[in-house]
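Please open the structure in a viewer and keep the sequence panel visible beside it. The stops below are arranged so that each selection leads to the next.

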Amino acid sequence: MHTDTESCVRAVQAKDARFDGWFYTAVVTTGIYCRPSCPVVPPKPRNMRFYPSAAACQQAGFRACKRCRPDTTPGSPQWNHRADAVARAMRLIGDGVVDREGVTGLADRLGYSTRQIERQLLAELGAGPLALARAQRAQTARLLIETTRLPLAEVAFAAGFASVRTFNETVREVYALAPGELRARAGRSPKAPDTTSGVLSLRLPYRAPLNPDNLFGHLAATAVPGVEEWRDGAYRRTLRLPHGHGVVALAPADGHIRCRLSLTDQRDLAVAIARCRRLLDLDADPVAVDDQLRTDPLLAPLVDKAPGRRVPRTVDEAEFAVRAVLGQQVSTAAARTHAARLVTAHGDRIEDPEGGLTHLFPAPEALAALDPESLALPGSRRTTLTTLVGGLVDGSLRLGVEGDWTETRARLTALPGFGPWTVEVIAMRALGDPDAFLPTDLGIRRAAESLGLPSTPAAFTARAAAWRPWRAYAVQYLWTVDDHPINHLPS
């Protein structure tokens, strides 16, 4: 969008928050870059320059605005509905791959050379993978500086910097303030959170509207005991992270999601935030989704009744795939029971001082050692599960954010016991495909019958072509036709 100067100028002059994250406005007379909705008086159009990413602004020599904090906007929704190399690279950078494995590791995961990846990112985002990762480190550093009392040297390494000197230089360059000055500014604010307990309290922004009912209702209704719970108005769960583990509590609030994170290693902060945003689909563009679905007269009343529904996703793609197999042809309660047994037998125990979480969900490597005969499942389901786990362990099946949706669907379909429902529910909630569709799902079939939509899967799929590329969101609205706990925010 940043190449459409006229549209960008109109968005800035209107202070339209819908475009936050779509592009950034740099002002040549001040050397500062802002989000489109910045509350200051808009600059003259001739002084504006538009960039597709915060990293591109920083690389061009602009500093982040201290008023609107453009580095804290929701991420671009492009990376949610695209599956090309650039989108997959952005999802991997958000997951911290460049910090952990370098640009070579990023390229290896995508199956391209480093030169190809750098060229594609530069062409579309105005910055290479190192600059994009640097911008993310700067944002993480600011978060730790302003919301924790960690010594600044520890903040530097927790944010992913290789040295304190690089940390100091980057923070000064990006924010025009030294790290100590950033902390002093935050300390003067009465809203600065007290994190002496080691728990980080954050606000996760999103594009309005957001309807929390089905989002938190679905997560709470399908929660696996020991791994997930609904407590004190928040969804809580354990997280398996690159350097350790964590516990997160997420709760809807006015204009943001309240997030409380407890981590065993602060280096996992950026990854944990990225996975929580992905879980709650916070980078979606609900206006674009709902406008498209409203064009269907049968869906329009459902959208108008409760706009802004998101797709509940996952923090661990392998975990969700295992749970999808356990949930084949059984009730929600039965699926939770099967998953809880796996967790108790093979999950890693953790301590949770604040609640009733006891385990991390078992990693594929742990499940590879289980005895199939110990599973209270039909023989065919055992084969399906063990084959899935084997593919995850040997690398022949990759469900991470780097995966190609079409190729992964084909690999899943080739596994024994993987029918259309299982493949599509994994595509929707684990892979993050916004166009995944479940015409054979029982709740969707009931909704189709109630609304007068075609009853056969083939005819229903053809009818749903008008909803593309947002059929996964149409599924969320169709599920509301049936009165089920997944549609209601827990009391």
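**Stop 1: A cis proline and its aromatic surroundings**

Select P469, which is placed in the loop between α22 (457–463) and α23 (471–479). The model is a predicted one, and in it the peptide bond from R468 to P469 is cis, with omega near 5 degrees.

Next, display the rings of F437, F460 and W467, which ring pairs link into a cluster. In total, the structure holds 9 aromatic pairs. For another of these, select Y51 and F62, whose rings are tilted, at 6.0 Å centre to centre and with 55 degrees between the planes. This pair joins distant parts of the chain, 11 residues apart: Y51 belongs to strand β3 (residues 48–51), and F62 to the loop between α2 (54–59) and β4 (63–64). F62 counts as buried, at 10% relative accessibility.

Return to the region of the cis bond and select W470 and Y473. Their ring centres are 5.9 Å apart and their planes stand at 75 degrees, so this pair is edge-to-face. W470 is buried at 13% relative accessibility, and Y473 is buried with a relative accessible area of 3%.

One further ring deserves a selection: F161, over whose face R137 lies, at 5.5 Å from the ring centre.

**Stop 2: A second cis proline and the strands beside it**

Select A208 and P209. The peptide bond between them is cis, with omega near 0 degrees, and P209 is found in the loop between β5 and α11 (212–221).

From P209, move to strand β5 (residues 200–205), which pairs with strand β9 (residues 256–263) in the antiparallel sense over 6 bridges. To follow the register, select L202, whose bridge partner in β9 is C259. Strand β9 also pairs with β8 (residues 244–253), again in the antiparallel sense, over 8 bridges. Here V247 has S262 of β9 as its bridge partner. Between β8 and β9 the hairpin has 2 residues, and G255 takes a positive phi near 85 degrees.

**Stop 3: T238 and its contacts**

Select T238 in strand β7 (residues 234–241). Is T238 buried or exposed? At 1% relative accessibility, T238 counts as buried. Beyond its neighbours within four places in sequence, T238 is in contact with residues including G226, V227, G246 and V247; the last of these is the V247 whose bridge partner is S262. The contacts of T238 also include I350, L357, H359, L360 and F361. Display the polar atoms as well: the side chain of T238 reaches the backbone oxygen of H359 at 2.9 Å.

A distance drawn from T238 to E319, C-alpha to C-alpha, reads 12 Å, across 81 residues in sequence.

**Stop 4: E317 and helix α19**

Select E317, which lies in helix α15 (residues 317–326). E317 counts as buried at 14% relative accessibility. Leaving aside neighbours within four places in sequence, its contacts are R278, L399, G400, V401 and A430.

Then select helix α19 (residues 405–413), where W405, T408, R409 and L412 are buried. Why do these residues share a side of α19? They cover an arc of only 105 degrees around the axis, which puts them on the same side of the helix. An α-helix has 3.6 residues a turn, so residues three or four places apart point the same way. Show α3 (78–81), α4 (85–94) and α20 (420–431), which are among the elements covering the buried residues of α19. At the start of α19, a side-chain oxygen of D404 reaches to within 3.2 Å of the backbone nitrogen of T406.

**Stop 5: The four-stranded sheet and two positive phi values**

Colour the open sheet of 4 strands, which runs in the order β3-β1-β2-β4 with mixed pairing. Its edge strands are β3 and β4, each of which pairs on one side only. Strand β2 (residues 32–34) pairs with β4 in the parallel sense over 2 bridges, and Y33 has A64 of β4 as its bridge partner.

Finish with two loop residues. K15, in the loop between α1 (5–13) and β1 (24–27), has phi near 50 degrees, a positive value in a residue other than glycine. R69, in the loop between β4 and α3, likewise has a positive phi near 50 degrees. K15 is partly exposed with a relative accessible area of 31%, and R69 is partly exposed at 26%.

Terms used:
Residues numbered from 1 in each chain as written. Predicted model: local features only at pLDDT ≥ 70, side-chain atom pairs only at ≥ 80, totals over all residues. Heavy atoms only, no water. Buried < 20%, exposed > 50% of the residue type's maximum accessible area, 1.4 Å probe, protein only. Arc of directions from axis to C-beta. Contact = heavy atoms within 4.5 Å. Polar contact = N/O pair within 3.5 Å; in protein donor to acceptor, adjacent residues only side chain to side chain. Pairing = 2+ DSSP bridges. Phe/Tyr/Trp six-rings, centres within 6.5 Å; stacked < 30°, edge-to-face > 60°. Lys NZ or Arg CZ within 6 Å of the ring centre and 35° of its normal.
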